[in-house]
Amino acid sequence: EKTENLLEINNLVVRYGGIEAVRGISFGVPKGKIVTLIGSNGAGKSSTLRSVVGLVKPAAGSISFKGEDLLKLPTETIVTRGITMVPEGRRVFVNLTVAENLRMGAYMRKDSIDKDLERVYTLFPRLKERSWQPAGTLSGGEQQMLAIARALMSKPELVMMDEPSLGLAPIIVQEVFEIIREINKEGTTILLIEQNANMALQTADYGYVMETGRITLSGTGRELAENEQVREAYLGRA
Ligand code: ATP
């Protein structure tokens with residue numbers, strides 16, 4: 001059975017001056033699935049995501065979303081096509097309240113957002129309790145939840161997450177991944193990049209291992225979690 005790829009990346013190359021950060025990678029993100037790119041610091045994962053949303057201009061290759069070439073579009077337009085990114089390090093607006101942060105996530109929309117606010121408050125009850133607090137007063141885990149909730153406010157079909165577990169305590173990491181599964185169950189496709197290979201592979205339908213700009217291994221989340229090389233290099237046990 002062939003699943004339709006929502007996002008398709010072919011032979012992507014990203015260069016920064018003389019550094020080739022991404023060296024011709026190809027992969028697809030099937031509609032309705034969770035796909036993860038794992039790999040160590042500097043492997044080229046962020047550069048790949050940033051290329052998708054137009055924050056980096058690739059040197060070569062193609063990126064398409066629902067068959068449309070994204071490389072021609074500016075970032076604002078890409079968001080309206082149905083892709084949002086949850087950036088690394090959360091980056092919520094610390095001086096704005098939780099509710100204001102959520103409204104910022106929907107700034108491109110012209111329709112009513114009341115239903116979506118309700119939906120994210122149902123998914124994240126703690127954000128509802130704290131809706132009037134400045135985001136800067138939230139814990140790290142709550143700020144990550146807020147960053148994810150804010151991304152959902154634009155009603156994306158594809159959410160891309162850059163290291164959502166970074167700097168969070170293990171118990172909070174569990175919560176973040178539960179939320180990711182929940183959002184996916186409700187129909188949102190997810191592309192997740194992670195150094196926390198363990199959680200990412202447990203959660204993802206498909207995974208790709210990136211090393212110095214190349215994809216070196218791929219498979220289902222389970223296959224990769226059981227792969228000897230992956231276990232040695234990324235899961236800290238042989
Ligand atoms: P990280 O987990 O640190 O984000 P990553 O796998 O996402 O790692 P990238 O951030 O894509 O990797 O970086 C890939 C390579 O490109 C690294 O060698 C990095 O130093 C380099 N790089 C990234 N951004 C820039 C930039 N703006 N200018 C120059 N070099 C960069």
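Met-85, once its neighbours within four places in sequence are left aside, is in contact with Leu-49, Arg-50, Val-53, Leu-55 and Met-160. The model in which these contacts appear is a predicted one, and Met-85 has its place there in strand β6, which covers residues 83–86. The points below begin with Met-85, then turn to a helix, a strand with its partners, and a buried arginine.

**Met-85 and helix α1**

- Between the C-alpha atoms of Met-85 and Lys-110 there is a separation of 20 Å, while along the chain these two residues are 25 residues apart.
- Leu-49, which is among the contacts of Met-85, is also one of the buried residues of helix α1, a group that further includes Lys-45, Ser-47, Thr-48, Ser-51 and Val-52.
- Helix α1 spans residues 45–52 and is mostly covered, since six of its eight residues are buried.
- Just after helix α1 comes Gly-54, a residue that takes a positive phi of about 80°.

**Strand β8 and its partners**

- Strand β8, made of residues 189–194, is mostly covered, with six of its six residues buried.
- The cover reaches both faces of β8, with Thr-189, Leu-191 and Ile-193 buried on one side and Ile-190, Leu-192 and Glu-194 buried on the other.
- Strand β3, residues 34–38, pairs with β8 in the parallel sense over five bridges, and within this part of the structure Ile-38 has Glu-194 of β8 as its bridge partner.
- Strand β7, residues 158–162, also runs parallel to β8 and is joined to β8 by five bridges, and here the residue of β8 that serves as bridge partner of Val-159 is Ile-190.
- To get from β7 to β8 the chain passes through helix α7, residues 170–185, in a β-α-β crossover that is right-handed.

**Arg-150, a buried charged residue**

- Arg-150 belongs to helix α6, which runs over residues 140–152.
- Although Arg-150 is buried, it has no salt bridge, and the nearest side chain of opposite charge, that of Glu-100, is 11 Å away.
- What lies 3.1 Å from a polar atom of the side chain of Arg-150? The backbone oxygen of Arg-91 is found at that distance.
- Arg-91 is also listed among the residues in contact with Arg-150 when neighbours within four places in sequence are left aside, together with Arg-90, Val-92, Phe-93, Asn-101, Leu-102 and Gly-105.

Methods. Residues numbered from 1 in each chain as written. Predicted model: local features only at pLDDT ≥ 70, side-chain atom pairs only at ≥ 80, totals over all residues. Heavy atoms only, no water. Helix = DSSP H or I, 4+ residues; strand = E, 2+ residues; numbered from the N terminus. Buried < 20%, exposed > 50% of the residue type's maximum accessible area, 1.4 Å probe, protein only. Lys, Arg positive; Asp, Glu negative; His and termini not counted. Salt bridge = Lys/Arg side-chain N within 4 Å of Asp/Glu carboxyl O. Polar contact = N/O pair within 3.5 Å; in protein donor to acceptor, adjacent residues only side chain to side chain. Contact = heavy atoms within 4.5 Å. Pairing = 2+ DSSP bridges. Right-handed = clockwise from strand over helix to strand, strands pointing away.
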